[in-house]
Amino acid sequence: MKNSPQCDFNDFMVTENFNYLELIHSNTAKARGIGNTPSEQIKNNLIASCKNLWQPARDILEVPMKINSGYRSPVLNKIIGGSTTSTHCYGYAIDFVAPKFGTTTDIVKTLVQEFTKRGIAWDQIILEFPSSLNSWVHLGWKSGSGAQRKQVLTAVKNKQGKTVYLPGIKV
């Protein structure tokens, strides 16, 4: 007799293309035994962010988005070296790639153009390290204060190896 697949009763579809567990999954948390379960308020932020920005981004791209980082507990965020003000800790940001669409630069250019044209609000779209093979897109719905600043930034390393954020799309 075949084994039945295990079912996680905490999982549910947040939108047509995103399930809850992918928004909180972390390989680092799993490997290190770190809890990464958000509070009810942060869970609600994740759901709102997904419905208002991440699903519309998916609809625009028309291809799957692989989330590399969604919600991060404060402990997880510290271990991976995330900013102390990271919106990942509030349930307002994801980092993703969509290889079937194109490069991260292609993704960012398309999302900025389409969000603007369609009147879709966002806080930050960051093109992270576009010259790296491991580049990704940071997509934030709101800042920690709840503002939506419509920032478009490019993250690069300076000569000292420190991450700096440049305004606009720089490749």
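The points below concern charged pairs, cysteines and a surface patch in this predicted model.

1. On the salt bridges overall: the structure holds four of them. One joins the side chains of Arg72 and Asp95, with an N to O distance of 3.3 Å. This pair links distant parts of the chain, since Arg72 sits in the loop between strand 1 (66-69) and helix 4 while Asp95 belongs to strand 2, the two being 23 residues apart. Arg72 is buried, at a relative accessible area of 9%, and Asp95 is likewise counted as buried, at 6%.

2. On the pair formed by Arg149 and Asp123: their side chains meet in a salt bridge at 2.7 Å, N to O. Because Arg149 lies in the loop between strand 4 (136-140) and strand 5 (151-157), and Asp123 in the loop between helix 5 and strand 3 (124-128), the pair ties together parts that are 26 residues apart in sequence. As for accessibility, Arg149 counts as partly exposed, with a relative value of 42%, whereas Asp123 counts as buried, with a value of 0%.

3. On helix 5: salt bridges with shared partners join Glu114, Lys117 and Arg118 into one network. Within this network, the side chains of Glu114 and Lys117 meet at 3.3 Å, N to O. Both residues lie in helix 5 (residues 104-118), where they are three residues apart, or about one turn of the helix. Glu114 counts as buried, with a relative accessibility of 12%, whereas Lys117 is exposed, with a relative accessible area of 61%.

4. On the cysteines: the structure holds zero disulfides. Cys50 takes part in none, and the nearest cysteine sulfur to it, that of Cys89, is 18 Å away. Cys89 is also in no disulfide, its nearest cysteine sulfur being that of Cys50. Because a disulfide would need the two sulfur atoms within 2.5 Å, the 18 Å between Cys50 and Cys89 does not meet the criterion. Cys50 counts as buried at 0% relative accessibility, and Cys89 counts as buried at 13%.

5. On the surface: Val75, Ile79 and Ile80 form a nonpolar patch, and together they have about 240 Å² of accessible area. Of these residues, Ile80 lies in the loop between helix 4 (74-79) and strand 2 (93-97), and Ile80 is partly exposed, with a relative accessible area of 39%.

Technical notes:
Residues are numbered from 1 along each chain as its sequence is written. This is a predicted model: local features need pLDDT of at least 70, side-chain atom pairs count only at pLDDT 80 or more; totals for chains, interfaces and linings use all residues. Side-chain values use heavy atoms; hydrogens and water are left out. Patches are made of residues with over 30% relative accessible area and no salt bridge: like charges are joined within 9 Å, nonpolar side chains (Val, Leu, Ile, Met, Phe, Trp, Tyr) within 5 Å. Accessible areas come from the Shrake-Rupley method with a 1.4 Å probe; for residues, only the protein chains shown count as cover. A salt bridge is a side-chain nitrogen of Lys or Arg within 4 Å of a carboxyl oxygen of Asp or Glu. Helices (H or I, at least four residues) and strands (E, at least two) are DSSP runs, numbered from the N terminus. Buried means under 20% relative accessible area, exposed over 50%, partly exposed in between (1.4 Å probe, protein chains only).
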